[in-house]
Amino acid sequence: MSTSLSPSGSLSGRPPIADAGPLALCAREPRVPAERLVAEMVPPPRFDSVRFDTYDPDPTQPSQTEAVTVLSGFAAGLGGAHATGAGKRRWFARTPRNAAPAGPRGVYLDGGYGVGKTHLLASLWHATPAEPALKAFGTFVELTNLVGALGFQQTVQTLGGHRLLCIDEFELDDPGDTVLVSSLLSRLVEQGVALAATSNTLPGKLGEGRFAAADFLREIQGLSAHFRPLRIDGQDYRHRGLPEAPAPFSDEQVTKAAYATPGASLDDFPGLLEHLARVHPSRYGALTEGMAAVCLTDVGPVPDQSTALRLVVLADRLYDREIPVLASGVPFDRLFSDEMLNGGYRKKYFRAISRLTALARDAKPLVSQ
C-alpha cells in the first residue's frame with residue numbers, strides 16, 4: 001500500500017524544515033488481507049501490557065473493584081474450557097435440571113466512557129490460561145469485517161477453536177450487523193468459545209442506566225441467560241483532576257512540528273474527513289500504521305453524523321496505538337454539535353472527545369517552545 005506522500009509545499013510558502021516531508025494519511029489506501037485480520041485479533045499496543053493488577057479502581061466506585069474480582073474468576077474458570085477437548089464439555093454443556101449453575105458462559109462490561117472497560121477486557125484476554133492463538137480480541141467493526149472477508153461459515157471455523165473471544169465496543173446502532181454477530185456468537189458458544197464484551201449505550205432511546213445491558217442481551221438471541229452483565233460506574237479517568245481540551249496550536253506550529261518529527265503525518269482536516277469516507281473503518285488501524293504522530297490543520301466542527309461516526313473510529317484506533325495528535329483550528333471538545341452530543345450516539349462522541357483530548361496532551365512536547 002502507499003504509505004507516504006511529501007507535500008509539494010508548506011503553509012505560507014515556508015520552505016521545508018527537513019529534506020523529506022511528512023507523511024499523509026490522505027495518501028494511504030490500505031488493503032488488509034484476511035489472514036492479517038485474524039492474526040491481528042489481539043489487544044492493541046496501548047493495552048498490550050495491561051493486567052488486572054495495573055487497573056486502578058476508583059475507591060469511591062465499588063463496581064470497579066467488583067469487576068476486577070469477577071473477571072479474574074472468569075479467566076481462571078476458563079483454564080478447564082479447552083475449545084478442542086474435554087474442558088469444553090464441562091464448561092459449556094447444559095446443566096442438569098436440578099444441578100447448581102456452573103456460572104455464566106460470557107460476561108460483558110457496561111459503563112460510560114473512560115472507566116477502563118477496554119483495560120479490563122484486555123486484562124481478561126491476558127489472564128486467560130491459553131496460548132495467544134486460542135484467544136481473539138477485536139472491536140465489533142473488526143469482527144464484522146472478518147465475517148465479510150472470510151464469509152460466515154469460514155469465520156465460525158476459524159474462531160470456533162478458540163477458548164475466548166473478546167469484543168470491544170459492541171455496537172448497538174446497526175441492527176443488521178448486530179443480528180449477524182448474534183448469529184455468529186450463537187454458533188461459537190455451541191463450539192465452546194467463551195465470550196466477553198464491552199458495550200456502548202444509546203441513552204437517547206431509553207436513558208443511560210442499563211439500556212446497553214438489556215439491549216445487548218436481547219440481541220444475542222438464545223444466549224442471554226449465559227451472560228453476566230457488569231455495570232462499571234465512574235468518571236472518565238483521563239480527565240480526573242486534569243484540564244479540559246488543550247488550546248489548539250497555529251497552522252504554522254503544527255506544520256513545523258510535522259516536518260520536524262520523523263514519522264509524523266500532516267493532513268488538512270477537511271480533506272482527511274473526505275478521505276475517511278473512501279476507506280472502510282476496519283482499515284483505519286492500517287491507515288495509521290507506523291505513524292509517530294498525526295498532525296492536523298484547520299480542524300473544525302464535523303459536518304454530519306456519518307462523518308462524525310467515522311471520526312470516532314479513527315480516534316479509537318489512534319488512541320489504541322498511542323499516536324499523539326497535534327492540531328490547529330477548534331479544540332476537540334467543539335468537534336461535535338450540540339444536537340450530536342444530545343442524540344443517540346452521544347456516548348461515542350464523548351469517548352472520541354476524551355481520547356482525542358488525551359492524545360492532544362501527549363502531542364504538546366512536539367511543539368518547540
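Which element supplies the largest share of the lining of the largest cavity? Strand 8 does, with three residues.

1. Basis. This is a predicted model, in which local features need pLDDT of at least 70, side-chain atom pairs count only at pLDDT 80 or more, and totals for chains, interfaces and linings use all residues. Residues are numbered from 1 along each chain as its sequence is written, and side-chain values use heavy atoms, with hydrogens and water left out.

2. Largest cavity. Searching the whole structure gives two cavities of 30 Å³ or more. The larger space holds about 100 Å³. Its lining has 13 residues, and P246, A247, P248, A327 and A360 are the closest to the centre. A cavity here is a set of points, on a 1 Å grid over the protein atoms alone, where a 1.4 Å probe fits but cannot get out; lining residues have an atom within 4 Å of a point. Points are joined across faces, edges and corners, and the volume is the space filled by probe spheres set on them.

3. Who lines the largest cavity. Strand 8 (325-329) and helix 15 (346-363) each give at least two residues to this lining. Helices (H or I, at least four residues) and strands (E, at least two) are DSSP runs, numbered from the N terminus. By class, the lining of the largest cavity has 13 nonpolar residues, no polar and no charged. Nonpolar covers Ala, Val, Leu, Ile, Met, Phe, Trp, Tyr, Cys and Pro; charged covers Asp, Glu, Lys and Arg; the others, Gly among them, are polar.

4. Second largest cavity. Its volume is about 60 Å³. The lining includes F269, L296, V325 and L356. Helix 13 (residues 305-320) brings the largest share, four residues. Again no polar or charged residue takes part: the lining of the second largest cavity is ten nonpolar residues.

5. Aromatic pair. The whole structure yields one. F336 and Y349 are stacked, 4.6 Å centre to centre with 25 degrees between the planes. Rings of Phe, Tyr and Trp (its six-membered ring) pair if their centres lie within 6.5 Å; planes under 30 degrees apart are stacked, over 60 edge-to-face, and the rest tilted. The pair links distant parts of the chain, 13 residues apart: F336 is in the loop between strand 8 and helix 14 (338-341), and Y349 is in helix 15. F336 is buried, at 5% relative accessibility. Y349 is buried too, at 0%. Buried means under 20% relative accessible area, exposed over 50%, and partly exposed in between (1.4 Å probe, protein chains only).

6. Charges over rings. The charged end of R46 sits over the ring of Y319, 3.7 Å from the ring centre. K135 lies over the face of W125, 4.3 Å from the ring centre. The test asks for NZ of Lys or CZ of Arg within 6 Å of the ring centre and within 35 degrees of the ring normal.

7. Positive phi. Please check two residues other than glycine. D298 has phi near 60 degrees and is found in strand 7 (residues 293-299). E322 has phi near 55 degrees and lies in the loop between helix 13 and strand 8. D298 is partly exposed, because its relative accessibility is 44%. E322 is partly exposed as well, with 43%.

8. Cysteines. Zero disulfides turn up in the whole structure; the criterion is a pair of cysteine sulfur atoms within 2.5 Å. C166 is buried, at 0% relative accessibility. C295 is likewise buried, at 0%.

Conventions:
On a 1 Å grid over the protein atoms alone, a cavity is a set of points where a 1.4 Å probe fits but cannot get out, and a pocket is an open set with protein on both sides within 12 Å along at least five of seven lines; lining residues have an atom within 4 Å of a point.
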